[in-house]
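Colleague: Could you take me closely through one helix of this model and what packs over it, and then set it beside a few other elements of the fold?

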Amino acid sequence: MAFIRKRRLERELYSKERFSLLLLNLEEYYFEQHTASHITNKGCRDERKFRGSLKICSKSIIFEPDDNIQPIIKIPLRDCVSIKAPEDNEANNPFARDTSGGISVVCNQVFLIKERNIIAPYKTVRGRTEHLFQLDVAGKLGDVVQTLHQLYRASCLDKMGDQAAMITAILQSRLARTSFDKNRFQSISETLNMECKAEMVTPLVTNPGHVCVTDANLYFQPLNGYPKPVVQITLQNVRRIYKRRHGLMPLGLEVFCTENDLCSDIYLKFYNYQDRDELYFLIATYIENHVTEHTAESYMLQWQRGHISNYQYLLHLNNLADRSCNDLSQYPVFPWIIADYSSSVLDLTKPETFRDLSKPIGALNKERLDRLLTRYQEMPEPKFMYGSHYSSPGYVLFYLVRVAPEYMLCLQNGKFDHADRMFNSLAETWKNCLDGATDFKELIPEFYENDSSFLVNSLKLDLGKRQGGKMVEDVELPPWASGPDDFLQKSQEALESQYVSEHLHEWIDIIFGCKQKGSEAVAAHNVFHPLTYEGGVDLNSIMDPNEKVALLTQILEFGQTPKQLFTVPHPRRIIPKLKSLSRTSSHSVSITESPVSPNEESFEDLTEESITLAWNNIAKLKLDEQYKIHKEAITGIAVTCNGSSVFTTSQDSTLKMFSKESKTIQRSVSFSNMALSSCLILPGDTTVLSSSWDNHVYFYSIAFGRQQDILMGHDDAVSKICWRDGRLYSASWDSTVKVWHCVPGETLSNKKHRFELLAELEHDVSVNTIDLNAANTILASGTKEGTISVWDVTTATVLHQLPCHSGTVFDAAFSPDSRHLLSTGEDCCFKVIDVQTGMLISSVTTDEPQRCFKWDGNTILSGSQSGELLIWDLLGGKVTERIKGHTGAVMSMWMNEQCNSVITGGEDKQIMFWKLQY
């Protein structure tokens, strides 16, 4: 639990100190501190002196007594009447007789905080009072008073923009006079690569200082030395680094030393994007050889195939969308899942238990939505449907006030919210989100984690008394939860349930995807104030500093919409239907199959298990035999059902039949003097089809050893052929794919095949490869210019068309479950497309072109340009094994149904037989 874990860590590190930056106002800086004494009732019999620390801040003076019983004193500079160091010759000077280093502060208002070290709303003391502070080091008195006078003048300016400008000038002057202390380097041999000014960001707080990056470490040294002199991160430990949008400006950078944690190790905000980008480059360059960078698409593929949970996927999407636990205006957003807070038993098998994930919170109640839409129609531009957001600092702290009360006090000027508006009950909060006129908030990650402390008032905070006299204590849970831990456990189960897995993509469309903006957002009733969207306002174009400060404050308090990650509909998750399959198996049931009954487990299940076993051990593929059987590159391989005969085609224009048993060539046929491009064997093992560059497809009778028929169906070379259910699919450089119905000739007579053209799929350029899904309803084609097209064969219409590659597409194939399409091209890339949505969901760069491949949905066995066989972890985007093979490009590849035997054909004119050796 990122937020709470960070709070606990801070308490452990600095448990002796009551002061924190949360005592400052928003956008306030802590400049320096001095050991001093606070003197009360000076010159009187009850004069008292309290030792402590005097903090000089940009908008206030704070005194922290060493005695925890005494309250921390906060004096706003805007409420000061005078700040001075009394002169020694003043007769009535209370410091004159025995005190030096004294400062007198006269003010109209003071706040008393953490009296008896109890976290509670600030006590306000109004009326003119004088506070005397005596510095331990009297020599600093002049500098301190001069600083306070500067800051006091800034606080007295009428306009907020002018105040901010003057304070910024003071801050930049201080930063310019200092630099990073190189004595803080971990080693004297470290080489400095960059140093610049920046601010460390934590929730509601920014702390200015100096950033330094060497060849080994990243350092941040706070200007004020708080909370510690230097923050140091070893570059070798960095796992992830993200550019962030902070305050609507591209100035943030967040560094993680963990793979799957939302809590970063440091979040920095820079004063210009050039410094940010340079530091990002230095760190990214250092770690690029150690860490694989993940995109939203790569995480999507892992999620679709069940390799990461719904919870993990949402965390990753939040991270990629600029959501950070260090920025409460962009805190990670999670959905309400459960809609039943009244039943005694939570039934996760009933759809009505769950919230409708296809709609934003504001659209769940039709009556409320109708009222909002009426207002929306009457509203002048810019229009918006909802006057508040689903995520904002106030909403985050609404949920977390019991574990982060100081953050709530910081946000709300030293006060808790009214007791009746607190997070008192799950049922009440859900009801208000459904019915409230201005309440559209979603949830936060903590509701699906393991730490339930945010539901319990373990700090015994006085959060007020509700109407009816009841004190605000623990959060009231639904009847189906036996306690806070049980509530979180059941919430986790709901998030990972089948219903949510089947519908979570709909919520992702609303928050991170295609329904976040534009006409899709309007249709989905998902329109918020324009200022909440990335790019909704250009702060650099606003010249009036007062307008800029007011606008920024409004935006940060209101909340921000996540960065848009997807612009097309998000694919569904693949839900395995066979219980016998492991969770990580990619061989899920195809779209056309139905669930197997418990008593039907037999051959199919054993086949699935053997395939999974084979792919899990694919790295153990060993070369068994190799033979040079052609005079040019081998372009196609087909094997009879019993495995005894191997047919190959080649650019030498021949079709050859190789006997595995006798290890000899038994047939060699030449149909023309043009190259052959591919081959296949028809069911029954009686006929071989070969495609040729002479525009024809040849039918060869194995039994009679002669050419049986010719299909003259194209105007240019035929590049690839497929056969399914009595239909021939032919791809050609004439920019078409044709679908033929073939009625076989009777082999004992002279009757020829009859060909009926069923469909012609037209392309703009030459088609180089094709593949069909398991149901034979969808065809994928790849062209010489890199376009992948997905066709509905039943209607001969194109479903999706994507410019995936730059250069020729060498090979393309559907995953066994037909959900994804993998392609490889001349541009040294693997690309994965979600078949349902047409979204490009993964891209893996290779060192050299991969000419052909087989895959199981997760792992790829590919043949490379240099002749190696490579095994790829697609989800990790890396090669896991290299196997030495041909001396030229691997041009074709065949794999048996059990996936434990492979034959490859190469540019070196050889065929190689490979076997798995467990």
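Modeller: In this predicted model, the buried residues of α4 are covered by a set of strands that includes β8 (192-202), β9 (205-214), β10 (217-222), β12 (240-246), β13 (249-256) and β14 (266-270). The residues of α4 that are buried are D275, R276, L279, Y280, I283, A284 and I287. Around the axis they cover an arc of only 155 degrees, which puts them on the same side of α4. The length of the helix can be checked too: α4 takes in residues 273-287, and at 1.5 Å a residue its 15 residues should span 21 Å, which agrees with the 21 Å that separates its end C-alpha atoms. At the start of α4, the backbone nitrogen of Q274 has a side-chain oxygen of N272 within 3.2 Å.

Helix α8 (residues 393-400) offers another case of burial, being mostly covered, with seven of its eight residues buried. These are P393, Y395, V396, L397, F398, Y399 and L400.

A further helix, α5 (residues 296-304), lies across β33, β34 and β35, and runs at about 110 degrees to β35. Those strands belong to an open sheet of four, ordered β32-β33-β34-β35 and paired in the antiparallel sense. Since β32 (809-814) and β35 (840-845) stand at the edges and each has a single partner strand, one side of each is left without a neighbour in the sheet. On average, and with direction ignored, neighbouring strands of this sheet are turned by 15 degrees against each other. Within the sheet, β33 (residues 820-825) and β34 (residues 829-834) are antiparallel partners over five bridges, and L821 stands opposite I833 in β34.

Strand β26 (residues 736-743) is likewise mostly covered, in that six of its eight residues are buried. Five bridges join β26 to β25 (residues 727-732), the two running antiparallel, and here V739 in β26 is the bridge partner of Y729. The two strands β25 and β26 form a hairpin with three residues between them, and in the turn S735 has a positive phi of about 75 degrees. Strand β26 is also joined to β27 (residues 754-762), again in the antiparallel sense, by eight bridges, with V743 standing opposite R754 in β27.

How values were computed:
Residues are numbered from 1 along each chain as its sequence is written. This is a predicted model: local features need pLDDT of at least 70, side-chain atom pairs count only at pLDDT 80 or more; totals for chains, interfaces and linings use all residues. Side-chain values use heavy atoms; hydrogens and water are left out. Buried means under 20% relative accessible area, exposed over 50%, partly exposed in between (1.4 Å probe, protein chains only). Two strands pair if DSSP finds at least two bridges between them. Axes are lines fitted to C-alpha atoms, for helices over the stretch in contact, and angles run from 0 to 180 degrees between N-to-C directions. Contact means heavy atoms within 4.5 Å. The expected span of a helix is 1.5 Å times one less than its number of residues. The arc is that of the directions from the helix axis to the C-beta atoms. A polar contact is a pair of N or O atoms within 3.5 Å; within protein, one must be able to donate a hydrogen and the other to accept it, and residues adjacent in sequence count only if both atoms are side-chain atoms.
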